[in-house]
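Me: I should like to go through the terms used for this structure and ask, for each, what justifies it. Please set each value against its criterion.

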Amino acid sequence: MREATKTNQDLLFKRPYIWIVTLSVTSLNFLITYNFENLDVQHIYYYLVDVLTTYLCIEFYAMGIHWMNKRVPLYKDFVKRVTFQLTLHTLSVIICTLLLNELFDHLFFEGQRLSLSFVFYTKDTLVALLFILLLHMIYFGLFLLSNKQNQESLHLAPDTRIKLKDAFTFKLLDQKEIIGVYSLLGITYVVDTGYNKFSSELTLKEMEALLGNRFFRANRKFILSKTIIDAFESGSYGKIEVSLKTHNIVDLPQKIVVSRDKAAQFRTWISGDSY
């Protein structure tokens with residue numbers, strides 16, 4: 001569960017999501033900074049450099065997340081992790097943003113675009129901080145959402161064991177141990193991998209609803225797994241005759257018949273991968 005939860009929010013930093021985040025942040029920042037007024041070809045150059053800067057900043061952000069996932073995982077100490085992420089991690093990303101902007105300003109614009117300007121170190125840095133905090137909120141939100149979904153799936157996951165009766169005692173048998181179910185004189189019987197027979201309070205229809213596609217409802221009286229089948233052959237009128245491994249279970253017939261209506265389904269099921 002922990003690995004699944006971690007992966008969900010970390011999808012933010014995998015393709016194509018990291019590109020979506022990069023382009024979204026860059027476009028919003030560009031809108032705030034220039035308001036798309038009096039734009040010319042030079043601004044396209046600005047935009048492309050900003051895309052590169054934002055992408056590298058998000059990669060740096062992701063590196064910090066990866067480091068904290070190892071040292072302070074969210075699922076172990078949520079409060080401590082949030083504190084680290086909102087303080088030290090935020091500060092480190094801000095510093096990375098400043099350094100990258102200065103570096104690219106000198107590389108691509110000979111220091112003329114920013115040149116340690118007051119506007120950049122006030123307005124633009126504040127905008128960068130807001131974007132980082134927004135990214136934190138999205139990250140924490142995805143963690144809490146996926147964690148809730150995982151918890152709900154655990155609670156909703158059905159119990160794979162079925163309550164059965166063996167003489168005067170009850171037994172919980174895992175579905176993986178069941179190889180066949182049949183009905184006789186209105187009583188449902190279950191056969192396990194050791195060819196022990198148990199009775200069940202469930203009807204054959206209720207049992208069919210519990211068991212997965214590893215089983216096939218052969219007719220009104222039998223539900224089979226491939227394990228209990230010894231052989232099968234085509235019978236008359238399109239029917240299929242199935243030989244069972246009875247292992248001395250007296251009231252379990254050695255042969256049963258799959259009707260013509262279910263013959264095609266049986267052949268599809270028997271040639272599948274479920275056991």
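**Salt bridges**

Reply: E241 and K255 form a salt bridge, with their closest N and O atoms 4.0 Å apart. E241 belongs to strand β9 and K255 to strand β10, so this pair, 14 residues apart, links distant parts of the chain. The model is a predicted one.

Me: What makes the contact of D251 and K197 a salt bridge?

Reply: The criterion asks for a side-chain nitrogen of Lys or Arg within 4 Å of a carboxyl oxygen of Asp or Glu. The N to O distance between D251 and K197 is 2.9 Å, so the pair qualifies. D251 lies in the loop between β9 and β10 and K197 in strand β5, so the bridge ties together parts that are 54 residues apart in sequence.

Me: Why are D251 and K197 called partly exposed?

Reply: Buried requires under 20% relative accessible area and exposed requires over 50%, with partly exposed in between. D251 has 24% and K197 has 34%, so both fall in the middle class.

Me: R217 and E208 also meet in a salt bridge; how is each of them classed, buried or partly exposed?

Reply: Their side chains meet at 2.9 Å, N to O. R217, at 17% relative accessibility, is under the 20% limit and therefore counts as buried. E208 has a relative accessible area of 34% and is therefore partly exposed.

Me: How many salt bridges are counted, and which residues form a network?

Reply: The count comes to four. E233, E241 and K255 are linked in a network of salt bridges. Of these, E241 counts as partly exposed at 29% relative accessibility.

**Aromatic pairs**

Me: Why is the pair of F104 and F108 called tilted?

Reply: Rings pair if their centres lie within 6.5 Å, and planes under 30 degrees apart are stacked, those over 60 edge-to-face and the rest tilted. The centres of F104 and F108 are 5.6 Å apart and their planes stand at 55 degrees, so the pair is tilted. The two residues are four apart in helix α4, which means a separation of about one helical turn. F104 is buried at 8% relative accessibility, whereas F108 is partly exposed at 35%.

Me: What makes F266 and W269 a tilted pair?

Reply: Their rings lie 5.8 Å apart, centre to centre, with 50 degrees between the planes; the distance is within 6.5 Å and the angle is neither under 30 nor over 60 degrees, so the pair is tilted. F266 and W269 are three residues apart in helix α7 (residues 260-270) and so about one helical turn from each other. Both are buried.

Me: How many aromatic pairs are counted, and which residues form one aromatic cluster?

Reply: There are twelve aromatic pairs. F78, Y139, F140 and F143 form one cluster.

**Strands and turns**

Me: How do you know that β1 and β2 pair?

Reply: Pairing needs at least two bridges. Strands β1 (residues 161-166) and β2 (residues 169-174) have six, in the antiparallel sense, and therefore pair. K165 has F170 of β2 as its bridge partner. The hairpin has two residues between the strands, and A167 in this hairpin takes a positive phi near 60 degrees.

Me: What supports the pairing of β4 and β5?

Reply: Four bridges join β4 and β5 in the antiparallel sense, and the requirement of at least two is therefore met. V190 stands opposite F198 in β5. Along β5, F198 and S200 point to one face and are buried, while K197 and S199 point to the other and are not. This hairpin has four residues between its strands, with Y195 in the turn at a positive phi of about 60 degrees.

Me: Why is a positive phi worth noting in a residue other than glycine?

Reply: The reason is that most residues other than glycine have a negative phi. L185 has a positive phi of about 55 degrees and is placed in the loop between β3 (178-184) and β4 (187-192). With 83% relative accessibility, L185 is over the 50% limit and therefore counts as exposed. N248, with a phi near 65 degrees, is found in the loop between β9 (240-244) and β10 (255-258). Its relative accessible area of 74% is also over 50%, so N248 is exposed.

Notes
Residues numbered from 1 in each chain as written. Predicted model: local features only at pLDDT ≥ 70, side-chain atom pairs only at ≥ 80, totals over all residues. Heavy atoms only, no water. Buried < 20%, exposed > 50% of the residue type's maximum accessible area, 1.4 Å probe, protein only. Phe/Tyr/Trp six-rings, centres within 6.5 Å; stacked < 30°, edge-to-face > 60°.
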